[in-house]
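This report describes selected strand pairings and helix contacts in the structure shown below. It proceeds from strands in one chain to helices in another.

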Amino acid sequence: MRTLWTLIAVATVAVSTAGLAQQKSASDAIAEYRAMLADGNPADLFEAKGEELWKQKRGPKNVSLEQCNLGKGAGVVKGAFVELPRWFADTGRVQDLESRLLTCMETLQGFDSKVIINTPFGKGEQAKIESLVAWISAESKGMHFNLPQAHTAEKTAYELGKRAFYYRAGPYDFSCASCHGQEGKRIRLQDLPDLTKNPGDGVGFAAWPAYRVSSGELWGMQRRLNDCFRQQRFPYPGYTSDVTVALGVYMGVNAKGAESIAPALKR
Amino acid sequence: MADPMRIRAQAAGDKATVRVLMSHEMETGLRKDASGKAIPAWYIQEVTAQLNGKTVMTAQWGPSVAKNPFLQFSVKGAKAGDKITMSWIDNKGEKRTDEATVS
């Protein structure tokens with residue numbers, strides 16, 4: 001008799017776990033996978049490298065980047081990331097983190113920014129910028145996005161970014177908005193954030209730069225945008241080009257108030 | 001010289017949880033580069049953990065471990081202030097050793 005009761009109990013347990021398994025959706029499983037990986041985010045390794053690079057004397061002039069002005073005054077790193085891209089008086093341009101770093105590397109350290117722009121992603125100085133980006137963004141972790149929109153150039157960049165976001169072209173007649181203009185869209189099993197508004201804390205704009213497990217590399221926003229253009233079969237927009245920076249302004253302003261989790265972890 | 005590891009060790013109760021991030025390419029030897037030539041295998045073969053100089057764990061690793069591997073384990077009897085030493089050797093004979101204090 002006792003064995004029979006045990007059998008029934010086992011059967012009940014089996015039925016209820018099967019029911020649970022059905023309730024768990026694919027996106028839950030991905031969220032679980034992300035949570036498992038989040039503790040050992042290899043972006044930490046890039047952060048450590050980035051901090052070292054920031055303080056290290058390098059380049060033809062043998063100077064460190066410690067006097068670099070990221071928008072909050074020379075050498076201020078904390079909080080700078082959540083206010084980028086923004087307008088800079090010295091260059092007269094709206095710049096994102098990566099184009100600003102290029103300016104600093106040119107003016108302070110004496111690097112030729114053209115050479116760096118033409119270096120492939122993940123190679124040479126480009127790889128160094130990715131580490132720098134990891135560290136600088138990590139210094140603003142948990143802060144909320146608040147991009148300035150006071151300057152005319154910043155407003156223009158927002159409008160330009162908006163146009164670029166909705167611009168349909170290429171063999172697929174795609175625009176950024178095709179995938180990121182509505183809620184609840186996905187590619188295969190990946191949920192896509194709606195970048196026309198604030199999709200939530202730590203999603204969309206607030207989740208880059210990120211470590212990509214699939215490639216084992218840290219991707220900055222410029223590289224991420226380049227991949228979007230590639231997937232749409234658009235021509236390569238160029239590293240730190242006006243259009244990529246403008247898209248950064250558009251997404252960043254839309255993400256106002258979102259909490260930055262960068263450098264995040266991506267599949 | 002390989003990049004340093006990131007080691008975090010936290011004591012809770014009678015054991016300490018150790019989390020280690022290692023910076024390594026972990027090439028399997030099965031991938032090919034753009035010109036079609038095989039990329040030579042390059043991966044961590046042995047990982048050793050020491051608590052105050054005494055070996056508490058060794059692990060044999062192979063090419064199936066991910067790039068920039070993350071390792072987590074717990075050590076019985078480790079208290080705050082104890083020293084955790086992690087070392088690895090890869091198949092090219094390169095080595096790296098890093099230390100952390102249990103907090």
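## Strand pairing and helix packing

In chain B, Leu51(B) faces Lys54(B), a residue of β4(B), from the opposite position. The model is a predicted one. The two strands concerned are β3 (residues 44–51) of chain B and β4(B), which pair in the antiparallel sense over six bridges.

This pair belongs to an open sheet of four strands in chain B, in the order β4-β3-β6-β7, with antiparallel pairing. Because β4 (54–60) and β7 (95–101) of chain B each have a single partner strand, they stand at the edges, and one side of each is left without a neighbour in the sheet. From one strand to the next, the twist averages 15°. Strands of a sheet pair through backbone hydrogen bonds, in either a parallel or an antiparallel arrangement.

A further antiparallel pairing in chain B joins β1 (residues 6–12) and β2 (residues 15–21) over seven bridges. Here Arg6(B) stands opposite Leu21(B), which lies in β2(B). The two strands form a hairpin with two residues between them, and Gly13(B), in the turn, has a positive phi of about 70°.

The two strand pairs are set out below.

| Strands | Sense | Bridges | Opposed residues |
|---|---|---|---|
| β3(B) and β4(B) | antiparallel | six bridges | Leu51(B) and Lys54(B) |
| β1(B) and β2(B) | antiparallel | seven bridges | Arg6(B) and Leu21(B) |

Attention now turns to chain A. Helix α9 (residues 221–231) of chain A packs against α10(A) at an angle of about 100°, and their axes are 10 Å apart. The two helices are therefore roughly perpendicular to each other, α9(A) to α10(A). On the α9(A) side, the contact is made by Met221(A), Gln222(A), Leu225(A) and Phe229(A), which meet Thr244(A), Val245(A), Leu247(A) and Met251(A) in α10(A). By residue character, the contact of α9(A) with α10(A) comprises six nonpolar residues, two polar and no charged.

Helix α10 of chain A spans residues 242–254 and includes Asn254(A). Is Asn254(A) buried or exposed? Its relative accessibility is 12%, so Asn254(A) counts as buried, the cut-off being under 20%. The side chain of Asn254(A) makes a polar contact of 2.8 Å with the side chain of Tyr158(A). With residues up to four places away in sequence left out, Asn254(A) touches Tyr158(A), Leu195(A), Thr196(A), Lys197(A) and Asn198(A).

Conventions:
Residues are numbered from 1 along each chain as its sequence is written. Chains are lettered from A and ligands numbered from 1 in the order in which they are written. This is a predicted model: local features need pLDDT of at least 70, side-chain atom pairs count only at pLDDT 80 or more; totals for chains, interfaces and linings use all residues. Side-chain values use heavy atoms; hydrogens and water are left out. Buried means under 20% relative accessible area, exposed over 50%, partly exposed in between (1.4 Å probe, protein chains only). A polar contact is a pair of N or O atoms within 3.5 Å; within protein, one must be able to donate a hydrogen and the other to accept it, and residues adjacent in sequence count only if both atoms are side-chain atoms. Contact means heavy atoms within 4.5 Å. Two strands pair if DSSP finds at least two bridges between them. Axes are lines fitted to C-alpha atoms, for helices over the stretch in contact, and angles run from 0 to 180 degrees between N-to-C directions. Angles under 35 degrees count as roughly parallel, over 145 as roughly antiparallel, 65 to 115 as roughly perpendicular and the rest as oblique. Ala, Val, Leu, Ile, Met, Phe, Trp, Tyr, Cys and Pro count as nonpolar, Asp, Glu, Lys and Arg as charged, and the others, Gly among them, as polar.
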